[in-house]
Amino acid sequence: MSAEFDQPAPHAGTGASYAAAGVDIEAGDRAVELMKEWVKKTRRPEVLGGIGGFAGLFDASALKRYERPLLASATDGVGTKVDIARRLGVYDTIGHDLVAMVMDDIVVCGAEPLFMTDYICVGKVHPERVAAIVKGIAEGCVLAGCALVGGETAEHPGLLGEDDFDVAGAGTGVVEADRLLGADRIRKGDAVIAMASSGLHSNGYSLVRHVLLNQAGLSLDSQVEEFGRTLGEELLEPTKIYSLDCLALIRTAEVHAFSHVTGGGLAANLARVIPDGLHAVVDRSSWTPGAIFDLVGKTGDVERLELEKTLNMGVGMIAVLPEESVDVALATLADRGVDAWVAGEITDRGEHATGATLIGDYA
């Protein structure tokens with residue numbers, strides 16, 4: 001983990017300097033010191049070295065136990081959800097979102113998350129604020145079972161306002177080649193199990209912000225009876241991290257595929273793992289979307305199909321598995337505190353043009 005700030009050349013008199021241009025080296029160094037304790041909590045035995053190096057080191061000899069290890073990688077950000085964090089001045093949860101968006105993509109193929117790096121871009125380094133962001137990332141890494149081995153904090157004065165920031169991350173995982181999950185394993189008659197989302201997760205915030213904050217003029221501090229908390233608290237609810245839940249499911253049940261429900265919605269993301277010739281049918285009546293989805297739809301007069309291709313509608317992860325594995329799968333998820341249910345099945349594609357369809361009405 002590092003905060004990279006090029007040291008300015010010596011200067012004299014009133015000549016230009018890096019500090020005068022808006023880059024604070026000392027603040028960056030203090031931010032690194034503050035984040036060290038959180039990064040340490042993510043350490044795995046394969047990690048070598050500590051914070052401050054130019055690269056994070058991971059002992060790949062740990063992969064010798066695999067017959068044919070396949071490395072899985074992913075990168076992502078959290079989109080305009082960072083604007084909600086900025087407005088509320090809450091910075092220690094957005095990192096959970098970042099880890100979820102990266103590592104839950106990696107686990108979809110059956111891979112165990114190994115390590116992650118982050119990139120934090122700010123208009124001005126506020127050490128405590130940067131450390132809070134990293135705290136959230138580190139806590140997310142613990143929940144995903146991976147190490148935080150490196151990162152970058154960049155100060156961009158003149159391009160970003162003093163309170164503006166953005167985050168991104170990249171991760172790596174590993175899966176045995178003959179245990180790789182995906183479309184080629186799915187069979188007709190397989191069950192589709194839905195795992196509940198914790199809320200909006202980290203997609204569709206451009207629509208949500210436009211409808212609730214710009215059009216309706218709602219305040220982030222306003223209490224919403226249906227939420228039992230403020231609008232801001234609801235919008236900042238961290239994205240559920242399913243990585244360890246999915247790995248537990250693989251150990252206890254036969255799983256054919258996972259689908260991480262992110263941008264594009266449930267149907268589009270599920271279709272990505274459905275093979276040619278087959279079709280996933282998901283019954284809306286098997287669950288009730290949370291109040292936030294209803295609020296966005298009604299406040300903005302957003303059509304249901306538009307909502308469904310933008311937001312997760314209450315489902316954050318999908319597992320596709322044989323019918324005979326359903327009971328043990330649901331029991332495993334229940335033991336881990338994951339709300340899950342049978343939401344559909346795999347059928348012949350027939351005349352369907354896409355790989356997945358939602359039917360019926362929400363309960």
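In this predicted model, residue E308 is buried, having a relative accessible area of 8%, which falls under the 20% that marks the limit for a buried residue. E308 belongs to helix α10, a helix that comprises residues 304-308. When residues up to four places away in sequence are not counted, E308 touches G264, G265, L266, R284, M313, L358 and Y362.

The surroundings of E308 may be set against the protein as a whole, which contains 11 helices and 14 strands and in which 53% of the 363 residues count as buried. Among the contacts in the protein with a separation of 6 or more, 84% are accounted for by residues that lie 24 or more positions apart.

Burial was also examined along helix α3, where 12 of the 13 residues are buried, so that this helix is largely enclosed by the rest of the structure. The buried residues of α3 are I94, G95, H96, D97, L98, V99, A100, M101, V102, M103, D104 and I106. The length of α3 is in agreement with expectation, because at 1.5 Å a residue its 13 residues should span 18 Å, and the C-alpha atoms at its ends are 19 Å apart.

Helix α3, formed by residues 94-106, packs with helix α4, formed by residues 127-144, in such a way that the two axes come within 6 Å and cross at roughly 40°. That angle makes α3 oblique to α4, because a crossing counts as roughly parallel when its angle is under 35 degrees and as roughly perpendicular from 65 to 115 degrees. The crossing in which α3 passes α4 is right-handed. On the side of α3, the contact is made by I94, G95, H96, L98, V99 and M103, while α4 contributes I133, G136, I137, E139, G140, C141, L143 and A144. Sorted by character, the residues of this contact divide into 9 nonpolar, 4 polar and 1 charged.

A further residue, T117, is located in strand β4, which covers residues 112-122. T117 is partly exposed, with a relative accessible area of 31%, a value that lies between the limits of 20% for buried and 50% for exposed residues. Once its neighbours within four places in sequence are left aside, T117 is in contact with L148, V149, G150, A168, G169 and A170. The C-alpha atom of T117 is separated by 8.3 Å from that of G56, although these two residues are 61 residues apart along the chain.

Note on methods:
Residues are numbered from 1 along each chain as its sequence is written. This is a predicted model: local features need pLDDT of at least 70, side-chain atom pairs count only at pLDDT 80 or more; totals for chains, interfaces and linings use all residues. Side-chain values use heavy atoms; hydrogens and water are left out. Axes are lines fitted to C-alpha atoms, for helices over the stretch in contact, and angles run from 0 to 180 degrees between N-to-C directions. Helices (H or I, at least four residues) and strands (E, at least two) are DSSP runs, numbered from the N terminus. Angles under 35 degrees count as roughly parallel, over 145 as roughly antiparallel, 65 to 115 as roughly perpendicular and the rest as oblique. A crossing is left-handed if the near helix is turned anticlockwise from the far one by less than a right angle, and right-handed if clockwise. Contact means heavy atoms within 4.5 Å. Ala, Val, Leu, Ile, Met, Phe, Trp, Tyr, Cys and Pro count as nonpolar, Asp, Glu, Lys and Arg as charged, and the others, Gly among them, as polar. The expected span of a helix is 1.5 Å times one less than its number of residues. Buried means under 20% relative accessible area, exposed over 50%, partly exposed in between (1.4 Å probe, protein chains only).
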